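Before any charges are assigned or any set-up is chosen, it helps to go through the fold, the strand pairing and the charged contacts in turn. Please read this briefing alongside the coordinates.

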Amino acid sequence: MTIFNLVRHSLNNVDDVAGRWQHEGGEVFQKNKRVGYYASTKRVTFGGTDAQNTAMLTLTIFLQRSHTGAVENITMQGAHDFNTGNEIGSVSAASITRAALRGKTFNRVVNTVNIG
């Protein structure tokens with residue numbers, strides 16, 4: 001199992017006629033060592049996800065640069081529950097160093113993400 005701890009630095013809501021976007025970002029730690037940063041978007045669609053107080057979720061972890069070029073990353077997609085703050089889903093994409101995580105399930109409880 002792969003475990004990450006997230007430390008949020010920003011959380012912003014952006015409303016439009018179809019619903020609400022929630023943008024979140026901050027630092028990512030493993031065993032008390034910063035290993036990168038994350039960005040999360042949640043989408044509430046009026047008449048769709050709001051009935052269950054949930055949102056569509058995309059969460060991407062950007063790992064520390066060890067080279068020039070694009071940053072190694074892990075992207076998860078699933079659902080966010082506004083009642084508890086918990087998230088569930090699966091890894092939808094990962095760069096080559098984390099390719100083994102593709103397709104694995106994840107859950108987020110408070111600020112801890114468990115993959116696998």
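The points below go from the overall fold to strand pairing, salt bridges and individual loop residues.

The model is predicted, and every value below is computed from it. The protein has 8 strands and 0 helices, so that the pattern read along the sequence is β-β-β-β-β-β-β-β, with strands as defined by DSSP runs. Two topics receive the most attention here: the salt bridges, of which the count comes to 6, and the loop residues that have a positive phi without being glycine, among them Asn-32 and Asn-53.

**Overall dimensions and surface**

- The radius of gyration of the protein is 14 Å, which agrees with the value near 13 Å that a compact globule of 116 residues would have.
- Along the principal axes, the C-alpha trace of the protein spans about 45 × 25 × 25 Å.
- Of the 116 residues in the protein, 35% are buried, while the exposed area of the protein is about 6,600 Å², with carbon and sulfur atoms supplying 54% of it.
- Among the contacts in the protein with a separation of 6 or more, 36% are accounted for by residues 24 or more positions apart.

**Strand pairing around strand 1**

- Strand 1, which covers residues 2-16, runs antiparallel to strand 2, and 11 bridges join the two.
- Within this pairing, Leu-6 stands opposite Val-28 in strand 2, and the two strands form a hairpin with 2 residues between them.
- Strand 1 is also joined to strand 8 (residues 112-115), again in an antiparallel arrangement, by 4 bridges.
- In the pairing with strand 8, Asn-5 stands opposite Thr-112.
- As general background, side chains in a regular strand alternate between the two faces of the sheet.

**Salt bridges and the charged network**

- As general background, side chains of opposite charge can pair when their charged atoms come close.
- Glu-24 and Lys-42 meet through their side chains in a salt bridge, with an N to O distance of 2.7 Å. This pair links distant parts of the chain, since Glu-24 lies in strand 2 (residues 19-30) and Lys-42 lies in strand 3 (residues 33-45), 18 residues apart.
- Lys-42 is buried, as is Glu-24.
- Glu-24 also meets Arg-108 in a salt bridge, where the N to O distance is 2.9 Å. Here again distant parts of the chain are linked, with Glu-24 in strand 2 and Arg-108 in strand 7 (residues 105-109), 84 residues apart.
- Glu-24 counts as buried because its relative accessibility is 6%, under the 20% cut-off, and Arg-108 counts as buried because its relative accessibility is 4%, by the same cut-off.
- Glu-27 forms a salt bridge with Arg-34, and the closest N and O atoms of this pair are 3.1 Å apart.
- Glu-27 is buried, because its relative accessible area of 16% is under 20%, whereas Arg-34, with a relative accessible area of 35%, is partly exposed.
- Through salt bridges that share partners, Glu-24, Lys-42, Glu-87 and Arg-108 are joined into one network.

**Loop residues with a positive phi**

- Most residues other than glycine have a negative phi.
- Asn-32, although not a glycine, has a positive phi of about 65°, and this residue is found in the loop between strand 2 and strand 3.
- Asn-32 has a relative accessible area of 77% and is therefore exposed, the cut-off being over 50%.
- Asn-53 likewise has a positive phi, of about 55°, although it is not a glycine, and its place is in the loop between strand 3 and strand 4, the latter covering 54-63.
- Asn-53 counts as partly exposed, at 33% relative accessibility.

**A loop position between strand 4 and strand 5**

- Ala-70 has its place in the loop between strand 4 and strand 5, where strand 5 covers 73-81.
- Ala-70 is exposed, because its relative accessible area of 64% is over 50%.
- Ala-70 and Ser-92 are 22 residues apart along the chain, and their C-alpha atoms are separated by 18 Å.

Definitions and conventions: Residues are numbered from 1 along each chain as its sequence is written. This is a predicted model: local features need pLDDT of at least 70, side-chain atom pairs count only at pLDDT 80 or more; totals for chains, interfaces and linings use all residues. Side-chain values use heavy atoms; hydrogens and water are left out. A salt bridge is a side-chain nitrogen of Lys or Arg within 4 Å of a carboxyl oxygen of Asp or Glu. Buried means under 20% relative accessible area, exposed over 50%, partly exposed in between (1.4 Å probe, protein chains only). Two strands pair if DSSP finds at least two bridges between them. The radius of gyration is taken over C-alpha atoms; the globule rule is 2.2 Å times the number of residues to the power 0.38. Contact means heavy atoms within 4.5 Å. Accessible areas come from the Shrake-Rupley method with a 1.4 Å probe; for residues, only the protein chains shown count as cover.
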